[in-house]
Amino acid sequence: MNPIDQRSLDWNSRPGRPLHGSVPVPGDKSVSHRALMLAAIAEGDSRIRGFLEGEDTRATAAVLAQLGVHIETPAAGERVVRGVGLHGLRGTTQSLDCGNAGTGMRLLTGLLAGQAFDSTLVGDTSLSKRPMRRVTEPLASMGARIVAHDGLPPLQVRGGQSLRGIRYELPVASAQVKSALLLAGLYATGETEIIEPHPTRDYTERMLAAFGWPIDFSPGRAKLGGGHALHATDVDVPADFSSAAFFLVAASIVPGSALRLPAVGLNPRRTGLLQALRLMGADITVEHEREAGGEPVGDLLVRHAPLRGIELPEALVPDMIDEFPVLFIAAAVASGRTVIRGAAELRVKESDRIATMARGLRTLGAMIEETADGAIIHGGQLGTGTVESHLDHRIAMSFAVAGLVASGPVRINDCTHVATSFPGFLELANGCGFALQVAD
Ligand code: S3P
């Protein structure tokens, strides 16, 4: 099946055979967005390899093209970006459509706040409900002018403002907010310093350094000054740990399974799920640890193992913020009780992931108590039923994993958004033993 056929479709996931083989998951979404943006405002041509051909990252590429950046696609998963330099972007009167991508919209807001021209950023139904004050307020204190209604998209970013650096303590751990402020900081006078309540993914910092921008950073803080230049550089994008996560859980819960996931990005700010699953008893080893494109990568080998419930250490939450939907599935089929706290951010992702997972799991007969900032999940046998994706790619893929061990088929309504982060999921999943079909 062509990946495009995943659009607008419902899926049926059934118990399959044990999962086997090598599963090459696509490129990292966070790294792909940042590589495009930095390459766009660098001087010279940058080649991006392993680029995620997802709707989110393609939306960012399309926005940059609207802003006058020439981007070539020599092959699938590859882009050559002809950088226009720090001040070379050109304004457009058209809206800039970020699609479903929170990362795209928040980072572009920071980048556009420092331009000479006005811009309007828009998004789809899900993105239009996501909070933007977390970026617009600190950007305003840097001198940016951004108009939003009730803190929601569309965002009108007024150009021609003089930005000044600030020292900002983030109220929530968010790599998107940190990155937006750092991008605005490139255009500001003085220094921009960000302090985080808990360290988050540091791709923007690492990549700015790789593009030659002086930046001082360590876990939990980053500081840069304005007025330098970015120099084109090639970027090798590792496979996305968040996409690998579905297969880590799937192979852990299906008896007889053994999967290899090659060249997965293992930035420690992304691998909280690895630690959580190991605490639950999972059998996951990392082989051939190496560095690629300035990032730690390795091959993950996962074998079936009985999982038990845990009290999830709160310190792991930011390092696995995108992996909770699939952790909920692992917890729902583990023995005993799993307690998740300190994860209120899940309520403002592509959907309210605490509510959507609780609703879907209850439909399948699981016992789950929703709390304000997490859930208490009692493990057991999942039953058959129909669940809603709520336009959330990770909810859809997580319930596809649930179907592997349910007592009968799990129907997942509207898996359209899987293409935002994981084009080809259906084929890869079926290739290693899922029984995942487009529903009638
Ligand atoms: C991302 C940061 C996280 C994550 C998102 C990608 C990034 O969001 O959930 O999928 O690329 O910076 P927050 O910054 O809102 O935590």
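## Working through the ligand site

In this predicted model, the ligand is surrounded by 13 residues, with Ser30, Arg34, Ser174, Asp322 and Lys349 the closest. Let's take it apart in a few exercises.

**Exercise 1.** Find out which polar atoms lie within 3.5 Å of ligand oxygen atoms at Ser30, Ser174 and Ala175, using that distance as the cut-off for a polar contact.

*Solution.*
- Start with Ser30: one of its polar side-chain atoms sits 2.7 Å from a ligand oxygen.
- Go on to Ser174, where a polar side-chain atom is 2.6 Å from an oxygen atom of the ligand.
- Finish with Ala175: here a polar backbone atom does the job, 3.0 Å from a ligand oxygen.
- Now for the overall cover: on its own the ligand has 390 Å² of accessible area, and the protein covers 96% of that.

**Exercise 2.** Work out which pocket the ligand takes up and which elements give two or more residues to the shell around it.

*Solution.*
- Pocket: the ligand's space is the largest one.
- Elements: α1 (29-40), α3 (102-113) and α5 (175-185) each give two or more residues to the shell.
- Top contributor: α1 gives the most, with three residues.
- Domains: domain 1 (11-27 + 238-438) and domain 2 (29-236) each supply at least three shell residues.

**Exercise 3.** Sort the shell residues into nonpolar, polar and charged.

*Solution.*
- Nonpolar: three residues.
- Polar: four residues.
- Charged: six residues.

**Exercise 4.** Look at the backbone at Pro153 to Pro154 and at Ala263, and say what stands out.

*Solution.*
- Know the background: most peptide bonds are trans, and most residues other than glycine have a negative phi.
- Check the bond from Pro153 to Pro154: it's cis, with omega near 0 degrees. Pro154 belongs to strand β9 (residues 152-158).
- Check Ala263: its phi is positive, about 50 degrees, even though it isn't a glycine. You'll find Ala263 in strand β15 (residues 258-265).

How values were computed. Residues are numbered from 1 along each chain as its sequence is written. This is a predicted model: local features need pLDDT of at least 70, side-chain atom pairs count only at pLDDT 80 or more; totals for chains, interfaces and linings use all residues. Side-chain values use heavy atoms; hydrogens and water are left out. A residue is near a molecule or strand if one of its heavy atoms lies within 4 Å of it. A polar contact is a pair of N or O atoms within 3.5 Å; within protein, one must be able to donate a hydrogen and the other to accept it, and residues adjacent in sequence count only if both atoms are side-chain atoms. Accessible areas come from the Shrake-Rupley method with a 1.4 Å probe; for residues, only the protein chains shown count as cover. On a 1 Å grid over the protein atoms alone, a cavity is a set of points where a 1.4 Å probe fits but cannot get out, and a pocket is an open set with protein on both sides within 12 Å along at least five of seven lines; lining residues have an atom within 4 Å of a point. A molecule sits in a cavity or pocket if more than half of its atoms lie within 2 Å of its grid points. Helices (H or I, at least four residues) and strands (E, at least two) are DSSP runs, numbered from the N terminus. Ala, Val, Leu, Ile, Met, Phe, Trp, Tyr, Cys and Pro count as nonpolar, Asp, Glu, Lys and Arg as charged, and the others, Gly among them, as polar. Domain bounds come from an automatic or database domain assignment.
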